[in-house]
Amino acid sequence: MKKLKITVTAGPTREYLDPVRFLSNPSTGKMGFAVARAAAERGHEVTLVAGPVALKTPKGVRRIDVVSAREMAAAVGASQGDVLVAVAAVADWRPRKRAAKKLKKRDMAGVLELVRNPDILKTAEFPVKIGFAAETGDPAPEAVRKCREKKLAMIVANDVSEAGSGFGADTNRVALCRADGTVERLPKMSKLAVARRIARECENLRA
Ligand code: CTP
């Protein structure tokens with residue numbers, strides 16, 4: 001088996017509006033760290049670009065810690081390789097300005113003007129790109145559309161409305177959706193088992 005260079009993004013990003021306040025989301029990084037671990041266990045060279053999470057680096061994985069979406073975009077852009085697996089829950093928007101000093105609450109009404117963050121998965125240049133999507137209900141139509149729009153080989157869609165799936169859980173029920181419209185629904189399984197399946201998909205897609 002050919003050894004691949006695989007870049008994985010994981011965790012949330014934080015978008016600060018002053019030194020003590022930020023926009024973010026509840027991502028814990030578990031799914032992305034599991035993908036990094038599974039890929040490293042299969043002998044691949046893994047770069048893990050991680051937002052702020054409380055997880056240990058998997059064995060044999062090169063980890064780059066970032067905070068904001070723009071930092072994550074820069075780290076991914078510098079990493080290059082065969083496959084990008086974008087698991088991170090990137091904040092889509094950031095405050096237009098980051099105040100150098102803590103804002104006083106009396107001065108905060110109306111200060112939160114937002115601008116779009118870069119779409120890391122869409123703009124990154126990798127031969128094979130795999131995305132994740134959190135959907136409620138049937139993931140297939142949206143996932144297929146996004147595969148085509150972002151030129152992805154596959155989207156791993158999870159139904160976040162379901163117990164034991166999504167943010168913070170140790171299990172996940174996902175559907176593998178491809179640009180050709182095929183959807184493979186996997187049973188609920190541990191995030192590590194999902195990750196091992198994704199690692200094998202990286203090899204098949206790059207072959
Ligand atoms: N992603 C990214 N950079 C962003 C936003 C998302 O790399 N700025 C990646 C995520 O890591 C994930 C995928 O894109 O792999 C999610 O796609 P997106 O279109 O953002 O999905 P949703 O958040 O479900 O979008 P929407 O609300 O438009 O359905």
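A polar contact is a pair of N or O atoms within 3.5 Å; within protein, one must be able to donate a hydrogen and the other to accept it, and residues adjacent in sequence count only if both atoms are side-chain atoms. Keep that in mind for the stops below.

This is a predicted model, in which local features need pLDDT of at least 70 and side-chain atom pairs count only at pLDDT 80 or more, while totals for chains, interfaces and linings use all residues. Residues are numbered from 1 along each chain as its sequence is written, and side-chain values use heavy atoms, with hydrogens and water left out.

**Stop 1: the ligand**

Select the ligand and show what is around it. You will find 13 residues surrounding the ligand, and the closest are A86, A88, P118, L121 and F132 (a residue is near a molecule if one of its heavy atoms lies within 4 Å of it). Now look for the oxygen atoms of the ligand. One oxygen atom is 2.6 Å from a polar backbone atom of A86. At F132, a polar backbone atom is 2.8 Å from an oxygen atom of the ligand. Select K146 next: an N or O atom in the K146 side chain is 3.0 Å from an oxygen atom of the ligand. On its own the ligand has 590 Å² of accessible area, and the protein covers 72% of this (areas come from the Shrake-Rupley method with a 1.4 Å probe; for residues, only the protein chains shown count as cover).

**Stop 2: helix α4**

Select residues 140–149, which form α4 (helices are DSSP runs of H or I with at least four residues, strands are runs of E with at least two, and both are numbered from the N terminus). Which residues of α4 are buried? They are A140, A143, V144 and C147, where buried means under 20% relative accessible area, exposed over 50%, and partly exposed in between (1.4 Å probe, protein chains only). Look down the axis of α4: the buried residues fall within an arc of 100°, so they line one face of the helix (the arc is that of the directions from the helix axis to the C-beta atoms). Add β10 (154–159), β12 (174–178) and β13 to your selection, as these are included in what covers the buried residues of α4 (contact means heavy atoms within 4.5 Å).

Staying on α4, pick R145 and E149. Their side chains meet in a salt bridge (3.0 Å, N to O), a term for a side-chain nitrogen of Lys or Arg within 4 Å of a carboxyl oxygen of Asp or Glu. R145 and E149 are four residues apart in the helix, and about one helical turn separates them. R145 is partly exposed at 40% relative accessibility, and E149 is partly exposed at 39%. Add K122 and E142 to see a network of salt bridges that links them with R145 and E149.

Just past α4, select K151, in the loop between α4 and β10. Its phi is near 55°, a positive value in a residue other than glycine, and K151 is exposed, with a relative accessible area of 69%.

**Stop 3: more salt bridges**

How many salt bridges does the model have? The count comes to 18. For one of them, select R96 and E113, whose side chains meet at 3.1 Å, N to O. Both lie in the loop between β7 (93–95) and β8 (114–116), so the pair ties together parts that are 17 residues apart in sequence. Then try R185 and D138, with closest N and O atoms 3.5 Å apart. R185 is in strand β13 (residues 183–185) and D138 in the loop between β9 (128–135) and α4, so this pair ties together parts that are 47 residues apart in sequence.

Next door in your selection list is V115, in strand β8. Not counting residues up to four places away in sequence, V115 touches D92, W93, R94 and R96.

**Stop 4: S27**

Finally, select S27, in the loop between β3 (21–23) and α1 (30–41). Is S27 buried or exposed? At 14% relative accessibility, S27 counts as buried. Its side chain reaches the backbone nitrogen of G29 at 3.5 Å. Show G11, P12, A89 and F167 too: S27 is in contact with them, leaving aside its neighbours within four places in sequence.
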